[in-house]
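Please read this report alongside the sequence and the coordinates shown here.

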Amino acid sequence: MTRTIRATPTIRTIRSCRGRLFWVLALLAGCGGRAPFWSSPIATPPPTFNLGDQIAVVDTGADRVVLLTAGANQSLTTTAIPVGVNILNAATSPDGKTLFVVSGGHRAQLGDDQPSEWPSITVITSGAQSARYDLENITDPLAGLAIDPAGHWVVLYPGSGTNQPFVENPNELVILDVSQSPDTAVAISHTLMSFGGHPQRFTFTPPLALPIGLHPLLIVESDQDLSLLNLDDLSKPEITVPLTNGSDTHLLSPAGLAVYPGVQGDATKGAAIGVRLANDDDVVALQFVANADANGNSIGNGFLPTVNLNNVGGVASDLAFVHTDGGLRLAALVPSRNKATLINPVTSLTQDVALPAPYQSLSVVTGALGSAAGCDGGTTSATGPTDVALLWNGTSVAGQAGVAFWELGQAGCQPYRSIDTIGVTDDVAQVLDVPTPNATLKVLQTRGGDAFYILNLSNRTAAPLEISSSNVALTVSPLGDQVWTYVPYGLTVFATDFAHELPRSLLIERPVSGVYEIARPSGLSPAVVVLHDEGGVGATVYDAATLEDTTRRLYAGLLLGEGP
Amino acid sequence: MKLILGAALLLSATASCAGASADASGGSNPTSTTGTGAGPGSGGTGTGGSNGATDAGGPPLPPEMEVESSYEVPVATGSYIWVANPDSGRVAYVAGATLQVHTVEAGNAPTYISAIPSATDDAVVVLNVLSDDATILRVAAGGQLTKSTVSGIAAGANALTVSPSGRWITAWTDARSIASPNPLQGYQAITLIDLAVTPPSKAILSVGFRPVEVAYAADDSAAFAVTEDGVSVVNLAQAGAPRVSGNVPLADDPTEDADTRDVSITPNGRLAVVRREGSASLGIVDLTTGTRGSLALSGAITDVDLTADGNSAVAVVRDTAEVAVIPLSSGIPDPTTIQHLTISGEIIGSASIAADGRTVLLYTNAVAAQRLTVLTLGTTPSYRVVKLHAPVLAVFATADASNAIVFHSESAPAASTTTAVDGGRTATPDAGLPSQTATNAFSLVPLAADLPALIEETDVPPQALAMTPAGDRVLITERDDAKKIYGVYVGQFPSMEIQKIVLASPPIAVGVLAAANEGYVAQKNAEGRITFVALDSGQARTLTGFEIGASVVDWAQGSTNGADGGVSP
């Protein structure tokens with residue numbers, strides 16, 4: 001069961017060095033000559049997160065989360081949210097708007113002044129009241145945290161670290177419906193049936209078109225099988241899909257999966273799951289059939305996956321469901337063969353597409369483009385929209401790096417002509433999405449780190465931006481207007497706006513631990529908050545639109561002051 | 001002559017379980033004479049009419065090729081497809097309606113499977129070749145599996161024949177499936193398994209030299225093993241264990257070359273009909289009395305076929321275009337009761353009788369004939385000629401006799417080919433050399449209505465077919481490993497609509513799961529692969545990886561979903 005403790009935030013407005021009430025610090029050191037404390041790095045840098053219009057700083061020692069809110073004139077307000085004691089983990093939802101903090105709680109010993117406290121999850125959403133779910137059905141903390149992109153579920157699982165129990169079952173899960181209030185939410189303890197596997201990854205699917213209707217699944221990849229849990233009916237145990245032939249001692253491990261949600265009501269477009277294996281040439285395609293008795297009554301979970309093994313000739317490095325002229329296909333990249341293989345998940349028919357480089361990663365970018373062209377460049381014979389995929393992460397070998405566009409709309413016509421390379425000479429290690437209104441852009445982070453590219457999906461241009469340091473971090477503005485580049489713990493921060501691709505530097509006087517662009521109240525342009533892990537966490541706040549040095553403000557001691 | 005023209009031709013399980021026809025002509029005599037006698041008929045009441053083609057003085061035509069039933073039917077029961085995996089020791093069975101895959105442990109190296117007719121469940125017998133035992137597997141309507149094992153099967157058995165009632169199983173050795181058999185090996189030990197008792201009992205018996213076929217009397221009173229020594233009769237009706245009650249020679253000359261014989265046994269087990277390559281005399285042997293009779297026709301008999309009920313046989317003399325309709329219901333017939341017909345102006349060397357027993361499809365594949373004759377039996381038989389658009393290779397009537405499927409051949413005879421097919425069997429011509437090879441087309445031919453045939457070009461020669469019991473759907477596979485072309489065509493009657501489905505790997509068997517209204521194509525794949533085709537919608541769905549598919553466990557189900565003996569929640 002969960003128990004509700006309404007967190008009471010403590011709000012404090014921080015004065016900058018220019019603030020008229022900063023006299024205490026000025027007395028100590030003056031703005032130009034401060035005490036060594038303010039330049040001393042803190043022992044353990046706190047985890048920080050961008051919640052869109054606030055920055056969350058997880059103050060582990062104080063069992064709280066401090067939210068930083070930027071206001072007019074680069075003012076900064078802190079709001080302390082108390083969370084459960086013994087913080088074990090914190091992570092944001094995939095949309096970045098909600099922070100989940102896992103606390104291990106406290107078991108009071110005899111004579112202990114600190115009262116007992118259950119393990120808990122505190123959910124902090126920007127602009128909303130935080131909620132704390134006490135997990136009264138577990139005694140020992142679970143540090144692992146998996147979050148449903150839809151914001152409905154979170155799953156706790158055994159993590160690593162010194163705070164974990166002496167004895168733990170790696171297949172133990174605690175599933176919590178955080179769409180319910182803490183008063184009504186019931187944390188469900190569930191132990192996955194195991195053939196010896198250890199969970200490795202968790203995937204929350206959108207509602208899938210299953211024979212029993214639309215239901216979201218939790219897919220747990222262990223090191224040797226898959227478990228499928230119907231999140232709409234957690235009273236039922238899971239379905240286990242072994243990936244290794246029972247007569248084979250060579251255990252096959254899943255390495256990632258792709259999900260096609262299907263179309264409810266269309267029997268020909270049921271949900272499908274693709275699984276690539278870390279140590280085998282097969283790609284596994286799962287579809288679903290009804291599980292019913294001879295009288296048609298649903299039994300078990302009411303559905304079962306059917307298995308299709310598809311040998312793609314090499315270990316697949318990435319895969320995704322794509323729409324082609326010929327219909328839905330599971331695209332698998334096989335870098336060892338410089339090819340991609342399109343798999344019909346229904347019939348197991350495969351079609352190889354030669355690639356100019358051993359690309360290891362694939363991203364479907366159709367959504368960013370809106371629609372794709374067909375075989376003749378303008379129309380397509382497909383019954384539905386066809387996809388465009390971005391291929392990247394080749395090798396560092398000259399001529400085999402960079403990115404390419406793969407027109408799936410042409411795959412059914414002339415697949416060997418559907419690859420369009422882009423003249424990016426560096427080895428692309430990561431592709432960063434850019435939010436609306438610039439969703440047609442991607443930021444390509446190179447493996448060497450001495451350059452990044454702004455890739456325009458619409459006109460297929462890639463603007464290079466060179467960097468003089470190889471130790472660079474990139475963050476894309478959640479507002480989609482610019483990309484931030486900085487050297488961790490250096491003094492260099494650059495903003496490159498997508499409109500003009502012009503880099504502009506910031507004047508930073510403290511080592512940088514993070515750069516976050518956040519929204520400010522209506523009528524104000526966004527602010528960029530540069531965090532400094534010294535002096536109790538400090539920050540430099542700029543107006544992100546003007547980047548005006550004269551209006552920037554420097555703050556220190558953000559975690560100082562009254563507790564929660 | 002049983003042959004496959006470089007490809008395996010399979011009939012659906014549901015369409016080919018008629019009676020006790022031994023169809024024992026699957027002999028292996030590729031070196032027998034290829035000529036045919038051209039002399040006029042000397043007996044009977046019909047006329048040995050002239051035939052333009054053979055009277056033209058050209059070289060003798062090659063023998064007819066019988067391709068309709070060269071291979072055992074795919075192992076399918078009403079609702080399940082059964083596939084043995086000799087390596088894993090398991091048998092996978094796939095439900096056609098739900099596509100759920102299950103596996104069950106059999107014996108050591110389960111290799112040969114045969115369906116057991118049953119009105120109450122789905123059942124098969126599996127021959128485990130390394131443990132010399134047989135496993136009986138039954139799945140009840142509710143899905144519950146039961147199995148029993150019969151140990152001590154005669155060593156080396158590689159064939160299973162189940163009686164139409166489902167009571168008796170004979171495990172025997174077909175020497176034709178053995179590469180370079182020892183000349184001193186007779187493979188004469190057969191094992192009779194009686195499923196009427198619990199646990200099943202068995203008896204090992206000795207029959208004649210090298211059996212080529214086993215058949216049963218419809219009333220389960222006897223089993224017959226067609227051997228080089230004649231027909232060994234096994235008495236099944238007597239109390240106690242079955243025993244060999246006698247051996248009925250099929251010829252006066254005990255040294256006659258058995259490989260040139262084409263033996264069919266009537267479903268009632270009373271008669272054996274013996275055709276000899278190049279002979280104008282048709283032998284009919286009463287298996288109950290041992291009496292041998294012969295009927296002389298107008299020339300060398302090129303084909304004989306029995307009706308499904310065994311009440312009649314149709315013999316064809318190509319050189320004279322004679323068709324003899326022979327009554328069999330009263331034992332060895334009086335020659336005066338035989339109807340002799342002449343199909344004037346046509347070359348007919350093969351006959352295929354539809355399930356209705358009245359419609360006979362006459363054709364030849366010895367020459368490039370683009371014609372098919374449809375003969376309707378009766379007091380006054382009648383026939384009509386159907387024009388086709390490519391030479392005929394083989395003809396198959398649908399179960400309702402309303403339509404036919406024609407596989408076409410190349411226009412010119414081709415050299416002999418013997419092609420190994422999956423499953424360890426080799427397609428071997430049973431008489432003479434193949435005259436023609438398949439070409440890239442088949443036709444759908446309306447029989448009940450006088451409508452034109454529809455020819456469909458294929459990418460590679462058609463390989464095999466299966467038909468629904470209702471005769472409204474037909475599945476035709478194509479396979480070319482060199483070109484990597486694999487597919488199945490789904491034909492619909494009476495609309496004559498044809499849909500092609502591309503397959504991911506070489507088809508090795510095609511069939512119909514009547515109860516599930518699904519067609520299926522088993523394919524070559526190391527992990528096991530079957531493509532199901534919904535017969536109403538044509539929607540295809542493939543399963544690959546039986547072992548893993550069967551290992552899926554729904555822990556909410558309360559029992560093991562897949563492999564027996566496995567885990568359970």
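The text below treats the interface between two chains, then a sheet, then a histidine.

The model is predicted, so that local features need pLDDT of at least 70 and side-chain atom pairs count only at pLDDT 80 or more, whereas totals for chains, interfaces and linings use all residues. Residues are numbered from 1 along each chain as its sequence is written, chains are lettered from A in the order in which they are written, and side-chain values use heavy atoms, without hydrogens and water.

Between chain A and chain B about 2,700 Å² is buried, 60% of it on carbon and sulfur atoms, where buried area is the accessible area (1.4 Å probe) that two parts lose on being put together, summed over both. Val307(A), Leu309(A) and Leu349(A) supply 18% of the area that chain A buries against chain B, more than any other three residues.

In chain A, four strands (DSSP runs of E, at least two residues, numbered from the N terminus) form an open antiparallel sheet in the order β24-β25-β26-β27, where pairing requires at least two DSSP bridges between strands. Because β24 and β27 of chain A each have a single partner strand, one side of each is left without a neighbour in the sheet.

His408(B) lies in strand β29 of chain B and, at 0% relative accessibility, counts as buried (under 20% relative accessible area, 1.4 Å probe, protein chains only). The table lists what its side chain reaches.

| Partner of the His408(B) side chain | Distance |
|---|---|
| Pro391(B), backbone oxygen | 3.0 Å |
| Ser443(B), side chain | 2.6 Å |

Technical notes:
Buried means under 20% relative accessible area, exposed over 50%, partly exposed in between (1.4 Å probe, protein chains only). A polar contact is a pair of N or O atoms within 3.5 Å; within protein, one must be able to donate a hydrogen and the other to accept it, and residues adjacent in sequence count only if both atoms are side-chain atoms.
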